Amino acid sequence: MPKEKKVTRDKASIIPMEPGVYFFYDKKGKLLYIGKSNNLKERVKNHFNQPAYRDNFFIKEVNKVGYIPLSSEVEALILESQLIKKKEPKFNVLFRDDKKYFYVGITHENWPRIFLTHQPQNKKEYIGPFTDGSSLKEVLKILRKIFPYRSCTNLPKKSCLWYDLLRCPAPCLIEKEKKVREKLHKQTKGRQKEYKNNIKKIKEVLEGKRQKVLKDFRKEMQELAKKEEFEKASVIRDKTEALSQIFSHKTIFDNQKVNQEIKNEGEILKIALGLSKIPRRIEGYDVSNIKSKEMVGATVVFNLNKNGKYSPNKKEYRLFKIKTIQKQNDVACLKEIISRRFEHNEWKMPDLVYIDGGKAQFNAANKTIQQTIQNRKLTVIPVISLAKRTNILYTNIFDSPISIDKLENIAKMTILRLRDESHRFAISYHKKLRKKSFGV
């Protein structure tokens with residue numbers, strides 16, 4: 001492993017624009033946080049100049065920055081995982097506990113299964129933690145081309161698309177053949193041995209033992225060549241070249257991530273707000289009135305379409321004329337319209353609720369929603385509320401409110417679209433009722 005270099009915070013500009021791993025230390029030299037990036041200089045710069053919500057936990061304490069330049073983003077992903085596990089920096093451990101990190105699980109079966117999880121049950125069977133789920137998934141996709149593996153929870157009765165794509169050896173078919181013709185038993189054992197060897201190599205790569213895997217490949221090629229088994233030797237040669245290529249490219253994820261940003265607003269919103277799943281249906285609420293005259297409420301609905309973008313579903317917009325509140329009271333009006341909305345069991349349930357307003361509106365709406373769904377034995381619904389003047393976002397997901405300006409731009413724009421649309425719809429209904437009352 002290359003040696004770590006350290007600079008003071010004010011000299012972070014000399015950090016190279018290379019893939020690698022970086023470290024934040026406080027004044028006493030205590031390690032606070034470890035991260036990785038395809039561009040060390042830009043990533044560290046963003047921590048200081050455009051801190052995300054989580055950065056606020058430690059960024060003021062940072063006194064020195066350490067960094068290790070590497071040859072590729074894959075190396076950075078794997079080394080970061082190793083170092084977090086080994087050094088256990090204070091804030092990586094803190095963030096890991098909120099189930100945001102990823103682990104690669106490997107089952108103990110005749111045909112081991114590889115899968116991703118946030119919650120490892122037995123550390124001996126898991127590799128991690130990894131902070132970047134998208135990059136990890138991409139690495140596993142590439143490794144699967146070199147070392148085909150099984151990902152299904154239960155062996156199906158017939159082969160699937162992964163077998164057709166040569167990404168899985170189809171143990172389901174092998175086990176089926178074994179039952180039909182017992183004489184294939186020895187052949188099955190040989191396939192199992194080869195399969196488990198693939199799993200072992202994937203594990204070694206993810207644990208940072210790439211050189212060992214390459215060394216084993218070269219040794220195997222030499223032995224096959226001596227036996228004049230040139231066809232088998234050529235297969236190992238191709239695997240060696242493919243594995244080397246993964247670690248020789250500085251970037252293999254950038255295009256994939258850019259496309260994800262363009263195509264899947266839901267995934268971005270999920271990550272930005274710390275949601276457990278992608279919100280496919282979002283409902284936005286707003287109240288409109290002038291000195292208790294024609295008080296109204298409105299609900300707008302945004303659905304995630306096939307292109308991964310949020311679009312208004314105007315057929316499911318709803319209007320509420322306030323019935324129980326006589327004096328101007330936005331909080332009370334909000335409670336009324338939300339209570340009335342959630343009385344409709346026939347309406348689809350939202351995956352996320354947006355409220356237009358500050359802390360008081362958020363508290364009232366969140367309490368009303370959770371009490372209502374608790375009576376119906378439903379799971380907690382994430383709620384967010386945006387204060388107009390301060391742009392502070394209140395949420396029942398994080399312990400503290402956050403600034404909307406610190407969210408990723410796409411997530412921020414989705415929330416602002418919800419705000420504008422719910423406000424537009426509520427005020428248009430209010431104006432309509434005012435015109436009607438004045439006989440205009």
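Let's start at one residue: glutamate 336 is buried, with a relative accessible area of 8%. That fits the label because buried means under 20% relative accessible area. Keep in mind that you're looking at a predicted model. Glutamate 336 belongs to helix α12, which covers residues 330-341. What does it touch, once we skip residues up to four places away in sequence? Lys321, Ile322, Lys323, Thr324 and Ile325. Take lysine 323 from that group: it sits 13 residues from glutamate 336 in sequence, and the two C-alpha atoms are 8.3 Å apart in space.

Now zoom out to the whole chain. The protein chain has 440 residues, and 48% of them count as buried. You'll find 14 helices and 15 strands in it. Look at the contacts between residues at least 6 apart in sequence: 63% of those join residues at least 24 apart. As for the outside, the chain exposes about 24700 Å², and carbon and sulfur atoms supply 50% of that.

Next, let's go inside. In soluble globular proteins, nonpolar side chains tend to be buried together. Here, the largest nonpolar core has 33 residues, and the ones with the most contacts inside it are Val104, Phe130, Leu143, Leu206 and Leu243. Several elements give two or more residues to this core: the helices α2 (73-87), α4 (133-146), α7, α8 and α9, along with the strands β5 (102-106) and β7 (126-130). To see how these parts meet, pick leucine 143. Leaving aside its neighbours within four places in sequence, leucine 143 is in contact with Ile202, Val205, Leu206, Leu243 and Ile246. There is also another core lying apart from the largest one, with 29 residues, among them Tyr354, Phe398, Ile402 and Leu416.

Strand β7 has a backbone detail to look for. Proline 129 is in this strand, and the peptide bond leading to it from glycine 128 is cis, with omega near 10 degrees.

Helix α8 turns up again if you look at arginine 210, which lies in it. Is this charged residue buried or exposed? Arginine 210 is buried, because its relative accessible area is 16% and the cut-off for buried is under 20%. Setting aside neighbours within four places in sequence, arginine 210 is in contact with Glu75, Glu204 and Phe247. Phenylalanine 247 is 37 residues away from arginine 210 in sequence, yet their C-alpha atoms are 9.1 Å apart.

Some of these helices also help line a pocket. The second largest pocket holds about 870 Å³ of space. It is lined by 28 residues, and the closest to its centre are Glu194, Tyr195, Asn198, Val235 and Lys239. The elements that give two or more residues to the lining are α6 (171-180), α7 (185-206), α8 (210-226) and α9 (230-248). Which of them gives the most? That's α7, with 8 residues. Sorted by class, the lining has 15 nonpolar, 3 polar and 10 charged residues.

Let's move along to strand β9, residues 293-304, where you'll find phenylalanine 302. Phenylalanine 302 is buried, with a relative accessible area of 1%. Leaving out neighbours within four places in sequence, its contacts are Arg280, Arg281, Ile282, Tyr310, Ser311, Pro312, Tyr317, Arg417, Leu418 and Glu421. Glutamate 283 is 19 residues from phenylalanine 302 in sequence, and the C-alpha to C-alpha distance is 6.5 Å.

For a contrast, try lysine 315, in the loop between β10 (310-312) and β11 (318-321). Lysine 315 counts as exposed because its relative accessible area is 78%, and exposed means over 50%. Valine 300 is 15 residues from lysine 315 in sequence and 9.4 Å from it in space, C-alpha to C-alpha.

Two more loop residues are worth a look for their backbone angles. Glutamate 88 sits in the loop between α2 and α3 (90-96). Its phi is near 50 degrees, a positive value in a residue other than glycine. Glutamate 88 counts as partly exposed, at 46% relative accessibility. The other is asparagine 391, in the loop between β13 (383-386) and β14 (392-395). Asparagine 391 has a positive phi too, near 60 degrees, and is likewise a residue other than glycine.

Conventions:
Residues numbered from 1 in each chain as written. Predicted model: local features only at pLDDT ≥ 70, side-chain atom pairs only at ≥ 80, totals over all residues. Heavy atoms only, no water. Helix = DSSP H or I, 4+ residues; strand = E, 2+ residues; numbered from the N terminus. Buried < 20%, exposed > 50% of the residue type's maximum accessible area, 1.4 Å probe, protein only. Contact = heavy atoms within 4.5 Å. Areas by Shrake-Rupley, 256 points an atom, 1.4 Å probe, with all protein chains shown as cover. 1 Å grid on protein atoms, 1.4 Å probe; cavity = no way out; pocket = protein on both sides within 12 Å on 5 of 7 lines; lining within 4 Å. Points joined across faces, edges and corners; volume = space filled by probe spheres on them. Nonpolar A, V, L, I, M, F, W, Y, C, P; charged D, E, K, R; others polar. Core = buried A, V, L, I, M, F, W, Y, C linked by side-chain atoms within 4.5 Å.
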